[in-house]
Amino acid sequence: MNRETAVIHGFSPVLAGVTARRVLTQLRHDPRTIVMMAAVPTVMMILLRYVLSNSLLLNRVGPEYIGVFPFVIMFIVAAITTQRERATGTLERLMAMPLGKLDLLAGYGIAFGLMACVQVALVLVVSLTWLGVTLPGSAVPLAVVAVLDAVLGMACGLFASAFARTEFQAVQFMPAFVLPQALLCGVVVPRDHMTAVLRWLSDILPLSYAVDAMQRITTATSWTSAISADVGIIIAFTAAALVGGALTLRRRTP
């Protein structure tokens, strides 16, 4: 069995859990990163509320941004954090141990996934109370999809970091990878109003399905099969990004 095959078949939940605990310990000593992950999406929602100054419009587009903002923040934090550990040699020391690449990235996924839950809980509480966002049904579907969106952003950030040599290059992936998705996902212009080429591009971008799910939640009183289909696609993109990141992860920046 070659090394890349072992990346997948040698996955250990125990080692992934150990990695997750180490990442959470590091985050505890980095309050600025914690504040960025937890508070920035909420601050952006507050700004959106006062920019729109219209409760009806906020109810229509607010849930979409509840999915977009955590995606963007988690992408940036995950990409920079992974690149920083590579540049400082932390990844090289970890991978000298009996720790597979997928164990490592799964550990990051668990740690950032827990942070995503905190992030989404905060933005939902503020949005549904202070900002006055209302839903036709339960807030649970919105919370589930928002957390999955944040985890998707984290997975994409881990994957993108494999192609960066410096933290600055990791940040550069945001305009290259995130901004086109933000334009084509249906938040700015409905996807069915786009030209055929733009619609095709939006169909192959993961954030489009996150926004689709959020849009359906704003009009449905319960969980539907269409929401399930969008969630399945989001999970598939997340898994593909984690596996892709594991296969392309280097021990350190050359």
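This is a short walk through the pocket, the cavity and a few buried residues of one structure.

Okay, ground rules before we look around. It's a predicted model, where local features need pLDDT of at least 70, side-chain atom pairs count only at pLDDT 80 or more, and totals for chains, interfaces and linings use all residues. Residues are numbered from 1 along each chain as its sequence is written, and side-chain values use heavy atoms, with hydrogens and water left out.

Let's start with the pocket. By pocket I mean an open set of points on a 1 Å grid over the protein atoms alone, with protein on both sides within 12 Å along at least five of seven lines; a cavity is a set where a 1.4 Å probe fits but cannot get out, and lining residues have an atom within 4 Å of a point. Points are joined across faces, edges and corners, and volume is the space filled by probe spheres set on them.

The largest pocket comes out at about 220 Å³. Helix H4 (55–87) and helix H10 (206–217) each give at least two residues to its lining; helices here are DSSP runs of H or I, at least four residues, numbered from the N terminus. Among the lining residues are Arg60, Glu64, Arg191, Asp192, Asp212 and Arg216. The split is three nonpolar, two polar and six charged, with Asp, Glu, Lys and Arg as charged, Ala, Val, Leu, Ile, Met, Phe, Trp, Tyr, Cys and Pro as nonpolar, and the others, Gly among them, as polar.

Now zoom in on Asp212, which sits in helix H10. Asp212 counts as buried because its relative accessible area is 12%, and buried means under 20%, exposed over 50%, partly exposed in between, with a 1.4 Å probe and protein chains only. Its side chain makes a polar contact with the side chain of Arg191 at 2.4 Å.

On to the cavity. The whole structure has one of 30 Å³ or more, with a volume of about 40 Å³. Its lining includes Gly137, Ser138, Thr221 and Ile227, and divides into four nonpolar, four polar and no charged.

Two more buried residues to finish. Which helix holds Gln119? That's H6, residues 101–128. Gln119 is buried, at 0% relative accessibility. Leaving aside neighbours within four places in sequence, its contacts (heavy atoms within 4.5 Å) include Met37, Pro70 and Ala150.

Thr82 is in helix H4, and at 1% relative accessibility Thr82 is buried too. The C-alpha atoms of Thr82 and Leu158 are 6.6 Å apart, with their positions 76 residues apart along the chain. The Thr82 side chain also reaches the backbone oxygen of Ala78 at 2.8 Å.

Terms used
Polar contact = N/O pair within 3.5 Å; in protein donor to acceptor, adjacent residues only side chain to side chain.
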